[in-house]
Protein chains: 4
Amino acid sequence: MSNESVNSAARAHCGFRARLSAMLIVMSAHATPEDVERVCKRIEELGFKAHAMPGANRTAIGLTGNPGPVEPGFFEDLPGVAELIPVTHPYKLVSRELKPDNTEIRIRDVVIGGPEVVVMAGPCAVESEEQTIRIAEKVRAAGAHLLRGGAFKPRTSPYSFQGLGLQGLKILAKAREETGLPVVTEAVDGESMELVEKYADIIQLGARNMQNYALLKQAGKARKPVVLKRGMSATLEEFFLAAEYIMSEGNYQVIMCERGIRTFADHTRNTLDLSIVPAVKRISHLPIIVDPSHGTGKRHKVAPMSRASVAVGADGLIIEVHDQPEKALSDGPQALLPEAFESLMEELRQLAPVVRRTITTSCKSPVGTSSGAHSPAR
Amino acid sequence: MSNESVNSAARAHCGFRARLSAMLIVMSAHATPEDVERVCKRIEELGFKAHAMPGANRTAIGLTGNPGPVEPGFFEDLPGVAELIPVTHPYKLVSRELKPDNTEIRIRDVVIGGPEVVVMAGPCAVESEEQTIRIAEKVRAAGAHLLRGGAFKPRTSPYSFQGLGLQGLKILAKAREETGLPVVTEAVDGESMELVEKYADIIQLGARNMQNYALLKQAGKARKPVVLKRGMSATLEEFFLAAEYIMSEGNYQVIMCERGIRTFADHTRNTLDLSIVPAVKRISHLPIIVDPSHGTGKRHKVAPMSRASVAVGADGLIIEVHDQPEKALSDGPQALLPEAFESLMEELRQLAPVVRRTITTSCKSPVGTSSGAHSPAR
Amino acid sequence: MSNESVNSAARAHCGFRARLSAMLIVMSAHATPEDVERVCKRIEELGFKAHAMPGANRTAIGLTGNPGPVEPGFFEDLPGVAELIPVTHPYKLVSRELKPDNTEIRIRDVVIGGPEVVVMAGPCAVESEEQTIRIAEKVRAAGAHLLRGGAFKPRTSPYSFQGLGLQGLKILAKAREETGLPVVTEAVDGESMELVEKYADIIQLGARNMQNYALLKQAGKARKPVVLKRGMSATLEEFFLAAEYIMSEGNYQVIMCERGIRTFADHTRNTLDLSIVPAVKRISHLPIIVDPSHGTGKRHKVAPMSRASVAVGADGLIIEVHDQPEKALSDGPQALLPEAFESLMEELRQLAPVVRRTITTSCKSPVGTSSGAHSPAR
Amino acid sequence: MSNESVNSAARAHCGFRARLSAMLIVMSAHATPEDVERVCKRIEELGFKAHAMPGANRTAIGLTGNPGPVEPGFFEDLPGVAELIPVTHPYKLVSRELKPDNTEIRIRDVVIGGPEVVVMAGPCAVESEEQTIRIAEKVRAAGAHLLRGGAFKPRTSPYSFQGLGLQGLKILAKAREETGLPVVTEAVDGESMELVEKYADIIQLGARNMQNYALLKQAGKARKPVVLKRGMSATLEEFFLAAEYIMSEGNYQVIMCERGIRTFADHTRNTLDLSIVPAVKRISHLPIIVDPSHGTGKRHKVAPMSRASVAVGADGLIIEVHDQPEKALSDGPQALLPEAFESLMEELRQLAPVVRRTITTSCKSPVGTSSGAHSPAR
C-alpha cells in the first residue's frame, strides 16, 4: 500500500464513515462454470478475494478486499461477464444486489430460509443430561425442529455460573442422538468456538459478541451455519456488517436473529424490534429468526410475540422452554412451560399458512434411529 | 387541606414518585343499584369522586381524589359492600383490579375491544372533499370499519400546513354520510377538541399530547370515545396514567394506541413496540390498537407490522391509505396504496381466526342510507 | 390557497419532512429605519409576517408564513436591502443566520445570555408563604439571581397534588417583594399561562409541553420571557422548532433549557445531554440554561453536573433547593440543601472566569426596597 | 458442585438477575501482614479466590468464586479480622465497600486517579512513523501526559483498514522514546493483546469489547493498566461488572472511560453521559476518564465537553489530535487541531484548581533521555 493510501484508509476510522468502492460482477445467464472461474482467478491475481454466489438464473461474483476503486477494464471484456455493478452499501455479500434469491440453509432435514418456519427450542442452559433430554423430548413432541441449550454462557458477572462447557456439549450431542433434533448452541470465545463447531449443528453468536470481530472471523472460517444475534444497540447497517464479517471469510450460512434492543421502556427486559425482520429481508437474502424469550424477558409475552414474529415474516424462532415450573416460578423467568410451548406451536401451525409459510412436524422417523451420523465424538 | 398534607403532597412532585393510598370498593354480586348509589353518595359526601364500573358479575366502585388514606370504616358496613381493596398501582380506573372484564366501546355498529379486530383507515390529512370521499369509499370497499383523516394537524414547524380545520371536519362528516363509516380524527387543543367532539365519532389524541394534561382532562369531559396515542418516550405506567386522566373525569371510553417509540434504530422512523399490546391487556381492561403507519414511517413495513399487530393481540389498527401514488412516491411516504390495503385486509381476515378474533366487512347496508343520523351539523 | 398547494402542503405532514422555502432579507449597514419599515410593509402586503431583528451592525428581516417560494424581485430593489438569503433549515427566527449576535434577555437587573452565568434556585413546589420566603432568602444570600418554584405542577397522575395555583403565584410575588429576586414559574395550560404572565417574571414551559403547540403559541403572545424545556425525546431540530413557534408569534425572549433525555441508563433519572449546549449556541443566538436537578434526579449529582454545565458554556442554571433535610431525606430527592447550594455557588464563581463568564452576587440593594414595582397585584 | 447448586446457578442466567452472596473481610487496623496472609490462605483452602486490597488504614480482603453463601464461622475467629461484610452488589472488587480510598495508577511519572487530571492525546490511528512522532511532539509540547494512537483498529466493516498492527506498535514505542510520553493503545483480540501488553504502557479496551469476556479475562492477566471503555448501551452495573472481570483475574489497575452512549439524539454521534463520572466515583475507587472525541464525533464539541468533563470530576481525558487540517477538513472529523488542543490544555489548567485538581506539564526532562527503559523491543 502506498503511504498515501494508508493515510486515507487510516483516516477512514477516525470519525469518518467507511466509504467503500466495491464492485459486483454479474455473469450472463449463459456463462459457463469456466467463465465464472476465469473471473474469480483474475480477481485473485489482482490480490482481492472472489465470492461467487450462484443464483437461480445467473451467478454474481462479489469482489472484496479492495480498499480503493477497481479498474473495470480488468473484467468487462472477460467472456460471460454481463454487468459490473458498483456497490453502494458498505456491505455486499449480505445484499440482494449480489444474490437476489433467498439463502436457504440446510441442517439435516431442516431448511432455514425456505417456506418452513423453523422453531428452535430448549432450556436456557444445559443443566444435566437427564434434564436436557427430558426437555428435548418434550419440545420435539410439540414440534420443535432444533434443540437449543447453552453449554457456554456469556456471563455479565465473572462470579456467575459459566455453563457446563464441554460436558454440556456432550449432553447436547446425546440429546440429539436420542431425539434426532439438530443442536444450536452458543460459542463465546475462540476456544468454545472450536468445540461448538465440532459438537453442534449451528453455532450461535450472542448479542454481546456481535462486534467481537475476532470471533466473527473465526465463525467465518467454521463449516457450520451461524446464528448471529443483533447487538443490543446495533443499527441495521452494523448488524449487516457483522454478518458480512462472517461471510467475507467464506462462511455464507448466516442466520440473522433479532433479540431485542435496549430502550427506556421498562415493561419488557428489551424492546423486541420486529420491524427489522422485513427490513432485513428487503435488503438481504439471509434468513432472519426472532428470539422472543430474551427479547421480552417475560414468559407471558413469549407466545404473543412469537405469533407476531411469524406474522411479520420471520423465518424461525428460538424459544426457551423449561419444565420445572415449581422451581422457576419464583422470579418470573422467561422460559415457557412445555404445555404452553405445545399450544404455541399449534397456534403457529395455523398462523403460518396465512403468510404463505408452513410448520411441519420436525421428524417423523422414530427417535434415535438415524441420528448417529451427527455424533461428532466418534 | 391541612398545612402538613399540602407540604407532603407538594413534595410528591419533586423527585419522589407519587405514592397513592387509593381504594376500590367491590360490591357483592347481590348488591342492588340502590346499594351502589348509597356507596357513591357516601364517597361524595366525604369530598371524593366515585367511579362505579359495572362488571359481568358485580360492580366495583373506584374512589379518587383522596390524597391520603381513607378510613375503611366509612364504607365497610354499608349494605352490599363485599370487599375493600387498596390499590397498589398509581392508576386504578384503567386497571383490571377495578374492572376484570374487557371494556368494549361501541361506535354505531362497530365494537372496539370485542372479538372483532377493528380497522381505521384513510388519508393522513383531509385535503379536499373529493379526495377524502374517494379514499373513504376505497377503504370501505376493502373492509375498513372507520375512516381516519386529519383535519387539525399537530405541526412540528409553525410554518407548516395546519390542516383544513373546521372545513376538514365537515368534509369528514360528509364522507361518513356517503360511506357510512364512522370517523376518527385528531384534536390538538381546546378549541379543536370541541369541534372534533361535535363532528367526529372518535376523538384522537396524538403522541405529542399524551402528557398535555389540560387536553386529557377536556377529553375526559367529552361524550365521545378517545384514541390515546402513546408518547414517543412514554413508559407503560405513564401511558396508563394518561388514560387515567381521561377516565378520572368520567369518560371511560379510552382506546390505547401504540405508535412507536424513539430509539437509536434508524431503519424505521420510530420503533414499534408491539410487546406493549400484551402488557396493556394484561393489566388493563381497555382496548389497544396499533398505528403501523407512524410506527414505521415506511410503506413497505406497514403490511407486515399490521399482521404482527393482529397476531400479538391488538384490538385494531389505524392505517394511512393514499390513492395517488404518482404524487406520493417521490419521498417514501408511509401511506399504503388502496390495492395494498385491500390485500392486507384479506390477509388480516385470514389471520384473525388464528388468534380467535374476527374481521367482518364494515357495513352491508347500501351506502348513504342510514348515515344521516350522524350529521352533527343539523 | 390553490387546491394544488393545499394538497402538497397537506402531504407535507404524512411522512414527509417539512421542506420550507424561507427567506431572510439582510439590510445594509447604512439602511435607515424607514428602509426597514418599507421592507416589512412590503412583506405584509404580500400576506406574510415580517420579523425585524436588529443586530450590532445591521438589521435582518425574517419572512414567515410563506408556504412556497417567494419571488426575490419583490424585495431586491428596495432601498437598503443588501442581501436575500434563502433559509436552509426548517427554523429561521432561532437561527444565527438571521441574528448573528447572542440574544440577551433582561429581567430587571439580570441579563440572561450575556457574560453573566445566571442561577435560578428555589423549591420544587411552593408549599407555603413562610417556607417559600425562607428558602428564597437563603438562595438569595448564596447568590442566586432568580427564584424558582412551582405554583402549577404538571402531574403524571391525575390524583397528585397540582400545586397551590394562584395562591402559589401570590406567594412567589410576595417572596420577590421580600428578596428582590425575580420569579420564574411554570405555566401548564392556557389558564395558568395568563396568571403566570401576570405574576411572574419568566414563564417556564415544561418538557411535557415542548410540543404543546397551542401553549407555545400562547407563550408567543405573552410579554414575558419564556424558559423552554427540552422534551424528553426531542431532537435538536424539534427543540429549535418549539422555540420557533414561540418566536413566530412575536415573543423573541426565549431561553432554551436542557433537562435530560430519556435513555436506557438507570444511574440517573434522565440522561443530561450537555453536548446540546454548544450545539444550541453554534446554531442559535438564543441563550441556553441547564436543569441539573431534573436532569439527574439525584441530589449528589447536582453539584458536579452544575459545574459541568458552566464549563460547557451554559448561560445559566435552574436548581432545586430545599431546606428541610429531615423531611426530605427519606427518598433521595433531588433538591440541594441550602448549604450545599452555597458551596456550589462559590465553586461556580471560581469556575466562571475560566470560560470567560462571571457570576456576580444577585442584588446588593437592601432587601425589600425596590421590588414594589414588580407587584402585579396592583 | 452438587447437582442442585449447578441447577440453581444455571438458572441464574436465564432471565434471573445474578444474586451473589459475596463477602468482604475487613482486617483491623492492627492486623499484621501475617494475619492477612492467614485469612487469604484460609479462603483458598476453601476453594475460593482471595483479593487483598490494602487501604490507608486497614486491609480489606475480597472473597470471590463462591457461588453460594460462605459460612462466616470460617473467618471470624482468625486473628486480625475486624468485620465480615456481606456484599450487596453483584460487583465487589470495584467497590468502595472493599477499598474506600481512590485507586491511583502509576505509569512512569504519571499518576491516574490522584490530584492530577491526566490528558492522553494523539492521532486516532497510527499512520506513519513521521506523522505519529510529529503529532506526539505537538501534544507533548501542549502538555499532554500520554500519547494515544491506534495500531489495531476495531472495524465495523471487514473491508476497512485494520491498522498498521505490530508496525504501528513499534512506531508508538519509537514515539515514546522520542518524546518520553507513555503510550496507550487498543487491543482488539487475544493476539493483539499480547503485543499491546508488550509494547504499550496502557492497554485500551474498546466499547464494542466491553462484554467480550474472554478479552476481559486476558486483560485481567496482563501486567499493564487497562483503560476500559463503556459499551454503547451499557448500564453502570454492567460497566462495573466488566471492570470486575478484569480485576477478578488479578489486574487491579483498571481505568474506566465514558465515551458516549447510543440514544435517539442526532446532534452528536453518541450522547456523552457525564453524570456517570460522579456515579462511578461514588461507588467505586477506580479512576474514570472521558473520551470527548468519540463521545461527540464533532471537533467543535470536543473542547467544551473536555472542560465539562474536568468540571464534573473526571480523572483524565483521552482526546484525538490531528495536524493536517487540509486533508481532514472535508468531512467534519472529530480530531482537534494541535493549536486548538493547546488552547484547550490552557483552559483545563485554569479549570482544574477550581475542582481541587491540577494539570502539570507532562515531562520536564529533555526529550529522549530517560525513555530508553520503555523500549520493549530490547
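This tour steps through the barrels of chains C and D and the contact between the two chains in a predicted model.

**Stop 1: the barrel of chain D.** Select β7 to β14 of chain D. These eight strands close into a barrel in the order β7-β8-β9-β10-β11-β12-β13-β14, with parallel pairing. Direction ignored, neighbouring strands of this sheet are turned by 25° against each other on average.

**Stop 2: strand β10 of chain D.** Now select residues 202-205 of chain D, which form β10(D). Which way do the side chains point? D:Ile202 and D:Gln204 point one way, D:Ile203 and D:Leu205 point the other way, and all are buried. In a regular strand, side chains alternate between the two faces of the sheet.

**Stop 3: the neighbours of β10(D).** Add residues 183-186 of chain D, which are strand β9(D); β9(D) pairs with β10(D) in the parallel sense over three bridges. Within this pairing, D:Val184 has D:Ile202 as its bridge partner. Next add helix α5 of chain D, residues 190-199: together with β9(D) and β10(D), helix α5 makes a right-handed β-α-β unit. From β10(D) the chain continues through helix α6 (residues 213-221) of chain D to β11(D), in a β-α-β crossover that is also right-handed.

Strand β11(D) covers residues 226-229 and runs parallel to β10(D), the two being joined by three bridges. Which residue of β11(D) is the bridge partner of D:Gln204? The partner is D:Val227.

**Stop 4: further round the barrel of chain D.** Select residues 254-258 and 288-290 of chain D. These are strands β12(D) and β13(D), which run parallel and are joined by three bridges. Here D:Glu258 is paired with D:Val290 of β13(D). Then go to helix α3 of chain D, residues 129-142, which lies across β7 (118-122) and β8 (146-148). Helix α3 runs at about 155° to β7(D).

**Stop 5: the barrel of chain C.** Switch to chain C and select its strands β7 to β14. Eight strands close into a barrel here too, in the order β7-β8-β9-β10-β11-β12-β13-β14, and the pairing is parallel. The twist from one strand to the next averages 25°. Zoom to residues 202-205 and 226-229 of chain C: these strands, β10 and β11, pair in the parallel sense over three bridges. C:Leu205 stands opposite C:Leu228 in β11(C). Helix α7 of chain C (residues 236-248) packs on the sheet, where it touches β11 and β12 (254-258). The direction of helix α7 makes about 155° with that of β12(C).

**Stop 6: the contact between chains C and D.** Show both chains. The contact takes 36 residues from chain D and 36 residues from chain C. On the chain D side, select α8 (276-283), α10 (299-312) and α12 (338-351), each of which supplies at least two residues. Which of the elements of chain D gives the most to this side? It is α10(D), with nine residues. Coloured by residue class, the chain D side divides into 19 nonpolar, eleven polar and six charged residues.

**Stop 7: the rotation axis.** Superpose chain D on chain C: a rotation of 180° with 0.0 Å of shift along its axis does this, with an RMSD of 0.1 Å. The two copies are thus related as by a two-fold rotation axis. To locate the axis, select D:Ala308, which of the residues of chain D comes closest to it, at 2.0 Å (C-alpha). Finally, 100% of the interface residues of chain D are also interface residues in chain C, so the copies meet through the same surface.

Methods: Residues numbered from 1 in each chain as written. Chains lettered and ligands numbered in written order. Predicted model: local features only at pLDDT ≥ 70, side-chain atom pairs only at ≥ 80, totals over all residues. Buried ≥ 20, exposed ≤ 12 C-beta atoms within 10 Å, placed from the backbone. Helix = DSSP H or I, 4+ residues; strand = E, 2+ residues; numbered from the N terminus. Pairing = 2+ DSSP bridges. Right-handed = clockwise from strand over helix to strand, strands pointing away. Axes fitted to C-alpha atoms, helices over the stretch in contact; angles between N-to-C directions. Contact = placed C-beta atoms within 7 Å. Nonpolar A, V, L, I, M, F, W, Y, C, P; charged D, E, K, R; others polar. Least-squares fit on C-alpha atoms with pLDDT ≥ 70 in both.
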